[in-house]
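Reader: I would like to learn how to read the contacts between chains in a model. Please take me through them one feature at a time.

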Protein chains: 4
Amino acid sequence: MQFETKIGRSTREQLHVHGYNLADDLIGNITLADMLFLGVKHRKPTEAESKMLNATLIAICEHGFTPSSLSSRLTYLGAPEAIQAAVAAGLLGAGSVYFGAMEYVAEMLQKTYQKHGNEYSTEELAGLVIQERKEQGLQLPGFGHHIHKPVDPRTPKLFAIAEELGFLNKHSQLLIEMHKQFCEQKGKEITLNVTGAIGAILSDMEIDYRLVKSFAVAARAVGLVGHIAEEIETGRTESVAQQVFEYVENHTDYKG
Amino acid sequence: MQFETKIGRSTREQLHVHGYNLADDLIGNITLADMLFLGVKHRKPTEAESKMLNATLIAICEHGFTPSSLSSRLTYLGAPEAIQAAVAAGLLGAGSVYFGAMEYVAEMLQKTYQKHGNEYSTEELAGLVIQERKEQGLQLPGFGHHIHKPVDPRTPKLFAIAEELGFLNKHSQLLIEMHKQFCEQKGKEITLNVTGAIGAILSDMEIDYRLVKSFAVAARAVGLVGHIAEEIETGRTESVAQQVFEYVENHTDYKG
Amino acid sequence: MQFETKIGRSTREQLHVHGYNLADDLIGNITLADMLFLGVKHRKPTEAESKMLNATLIAICEHGFTPSSLSSRLTYLGAPEAIQAAVAAGLLGAGSVYFGAMEYVAEMLQKTYQKHGNEYSTEELAGLVIQERKEQGLQLPGFGHHIHKPVDPRTPKLFAIAEELGFLNKHSQLLIEMHKQFCEQKGKEITLNVTGAIGAILSDMEIDYRLVKSFAVAARAVGLVGHIAEEIETGRTESVAQQVFEYVENHTDYKG
Amino acid sequence: MQFETKIGRSTREQLHVHGYNLADDLIGNITLADMLFLGVKHRKPTEAESKMLNATLIAICEHGFTPSSLSSRLTYLGAPEAIQAAVAAGLLGAGSVYFGAMEYVAEMLQKTYQKHGNEYSTEELAGLVIQERKEQGLQLPGFGHHIHKPVDPRTPKLFAIAEELGFLNKHSQLLIEMHKQFCEQKGKEITLNVTGAIGAILSDMEIDYRLVKSFAVAARAVGLVGHIAEEIETGRTESVAQQVFEYVENHTDYKG
């Protein structure tokens, strides 16, 4: 039994990762985000790919107090000696409600082109997808935001960078056209949110939709470190986690 | 009750993170690793800091098949719809045995300078710390490696970059001197491993030792995505996780 | 802002849980499984319910070396000081592939009765559900097992207890009838596995299908403790986790 | 390579667990808590052991709104499709601050008897341990509670059951004597809390101190299901998790 892998091999003197010598070729030469690309594509990103990917990950790695970051902080409060568990706890909420949209957008866009190829114009395809999902009773992922209305400021920024770097291709164009038609149908401006933009751009970077959410998860791990750092900075008794816990404890109405 | 934070604020039109406008100042301008720095230091890193930090994180984000990466793959096998849980499961093993050394090295070095300041020369201090830990029956963290002997190839590379960028300062120098004296005492070449190097360099970048392990955890999240990607690439039935599981299942000797 | 809950309240002198005094009414009077029932139903189980629930949980809490239990053991290997993380890591694989079936069976059975009420006989209903799922391209959850063929020994045992205690009601009967018809259609004996039996019995105990998997998760937490205990018993270097890791490390074929 | 285990074996027709036939000997005959005992001791508990263990686990499985249960609820809010992750997130905070005491008490008591055997009377030993820890600057685990003062109602209840069932032996007696002397020294009544009582009783049941916290973790998994059940019952928008998140979001004071 041999376990085949493209990922890595360690010998006494060297480490190889995806065909590169870790110490000689990678350390000092690429960014952390490039390792994500390398892990998935088995090659280093181009400069444009590296820039696009870093931009994308930065757009999603931090969003202030969220259920996820509160969960990390509360976990740290109980287990400060296991900081890995606090990061992990914050990642576990990256499910269908908050992060899933990124994957669903990528899946929708990628499957549309797998199914229809170049049969239709972008306009026709956008209309088709909106119609199909309506008939199936499915929501359109990537639209709407409870704070950023009618524009999520990260979306135009990411699309501008994508255009400059050559990644505003068919998946992004389809989503943008869907957004246009969807707003027209609704008669109002609906937010094309950052999860939609990322789902489309990562699709244009040829990232399999099944991996899209994991990119956000890795980025969010970076953001969660900042939350734990703040818990340490303020000290346990003054920390947000402690205050949230105390507030809840003191405002509980028991209906047992 | 107001929850104070330096981390972020969202308004309808803007997101601010640590005093920066996310869309205008950060997306497209910095790397993912810089967000880690920003989250902890509340300022963007200098170019040297960014380069040093990226190098450090790349050195630790991937190490082939480890208990951690196997745990991620096995979790993905059972719950492919919850990719965040597979990443989280791989992070949970980042405890005292494999990742802790980074923190313990940073703690040892930082507390040494907090206690002794500039009283002693590096040589004297190195001797003092080795002696103290011996008397207390404590191991010296950061030394030894089960594969990379007598040199962990990541260590000289990281120290070379640190020297070039101006981060090979007192903490790294103390660890290097401790390594020299420790090898002399043992009469053989003992590996100064990558966790030691990172603990020292992050200390020279003024990262609180309590946060050092979380940097490795965030980097490892990036590496784990590559393992999950490979599980997807090979397909469930041919995947490493499935093969490991089957191998164990077929080679179990029950002593009940 | 008051957070309403039926779960619990602590005062200086007392703890109340779901309307009971924890120290006076619960500790010493009920079993751990009964607390699960109480948490979901806000009342103590009857003696029959308690017996049925304990039987159900015992049937699912341990299944030897599985991807889940290996993940727990590997996590413990890296972070023995954080035993909670080792248990958690083992739970994270309780997803669609291994544990999901329990929920899917319960959902299928419960929604069938919600939709069709008492319109049809059990025979008609079984045929209807099999037909509907075939038309929708959906698998029938709860059938098949890679080891236990053609009978999962836990299934007849659980159904026998259910019958004795009065829980072999419409959901279980529908599943049993579906099994009969499905085997007839396939012309061979297909296993009605334990996840199917549990999904049906918990439905007959009026547990919402959205909670069914969490019952298995809580039971599995108990089982995982046994795996970690064995890791401690054998000691780190002789442990299964260490041996699995070493075996993989020594049998890796790098294709980078 | 064979992986030795006492835990389980599956054949086509049977499952064996710790030497018992799962379907014939265990399902329907023992309680969930007994499986925990079996996993650790490789034998079924006696009736007294089963009763004591169930009482102990019930005392610790639920404590209303805690950082742990909030973390579970917040995780469920983001990932309702991965209920296993919500349970796991709640377990991850079972670290040094809230649950650790149980383990530390058991360790302190077990190591005291390993070191001193029957050299001293309980009174002398209690004085010795208090003195030793004071000299080493170590806190006494198991004492104090932020709500239950001066008596944690679970403690006398558990000790009463332990006495009745024959488990109020040397470890519990030592802790009770330490409590007496500690209160005398401080000149006030200090709470002997439930984590102390459990650490002592599990020691008297001959549970290795390294496993004691995992018993609490398994029990807490049961409690967390109740919290998730309540989130489902109230519905997402009215849930405690959603309200906590909104409250924090609306009461954030940004100092960026």
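Author: We start with the ground rules, then go through interfaces, symmetry, a sheet and the backbone.
Author: This is a predicted model, where local features need pLDDT of at least 70, side-chain atom pairs count only at pLDDT 80 or more, and totals for chains, interfaces and linings use all residues. Residues are numbered from 1 along each chain as its sequence is written, chains are lettered from A and ligands numbered from 1 in the order in which they are written, and side-chain values use heavy atoms, with hydrogens and water left out.

Reader: How many residues of chain B are in contact with chain A?

Author: Contact means heavy atoms within 4.5 Å. By that rule, 83 residues of chain B touch 83 residues of chain A.

Reader: What area is buried between chain B and chain A?

Author: The size of an interface is often given as the accessible area lost when the parts come together. Here buried area is the accessible area (1.4 Å probe) that two parts lose on being put together, summed over both. For chain B and chain A the value is about 6900 Å². Carbon and sulfur atoms give 73% of that.

Reader: How many salt bridges are there between chain B and chain A?

Author: A salt bridge is a side-chain nitrogen of Lys or Arg within 4 Å of a carboxyl oxygen of Asp or Glu. The count is 2. Lys6(A) pairs this way with Glu233(B), with the closest N and O atoms 3.6 Å apart.
Author: Helix α11 (residues 209-234) of chain B gives the largest share of the side that touches chain A, 17 residues. Helices (H or I, at least four residues) and strands (E, at least two) are DSSP runs, numbered from the N terminus. That side of chain B has 46 nonpolar, 19 polar and 18 charged residues. In this scheme Ala, Val, Leu, Ile, Met, Phe, Trp, Tyr, Cys and Pro are nonpolar, Asp, Glu, Lys and Arg are charged, and the others, Gly among them, are polar.

Reader: What is the buried area between chain B and chain C?

Author: About 2600 Å², with 69% from carbon and sulfur atoms. Phe65(B), Leu92(B) and Phe245(B) lose the most area to chain C on the chain B side, together 20% of what that side buries. In contact terms, 31 residues of chain B meet 31 of chain C. The salt bridge count is 0.

Reader: Which element gives the most residues to that side of chain B?

Author: α4(B), with 7 residues. The side divides into 18 nonpolar, 10 polar and 3 charged residues.

Reader: How is chain B related to chain C?

Author: Copies are superposed by least squares on the C-alpha atoms of residues with pLDDT of at least 70 in both. A turn of 180 degrees and a shift of 0.0 Å along the axis lay chain B on chain C with an RMSD of 0.0 Å. The two copies are therefore related as by a two-fold rotation axis. The same surface serves both: 100% of the contact residues of chain B recur in chain C.

Reader: In what order do the strands of the open sheet in chain C run?

Author: Strands of a sheet pair through backbone hydrogen bonds, either parallel or antiparallel. Two strands pair if DSSP finds at least two bridges between them. In chain C, 3 strands form the open sheet β2-β3-β4, with antiparallel pairing. β2 (8-10) and β4 (20-21) are the edge strands.

Reader: Where is the cis peptide bond in chain B?

Author: Most residues other than glycine have a negative phi, and most peptide bonds are trans. The bond from Lys149(B) to Pro150(B) is cis, with omega near -5 degrees. Pro150(B) sits in the loop between α7 (122-135) and α8 (154-165) of chain B. His42(B) has a positive phi, near 60 degrees.
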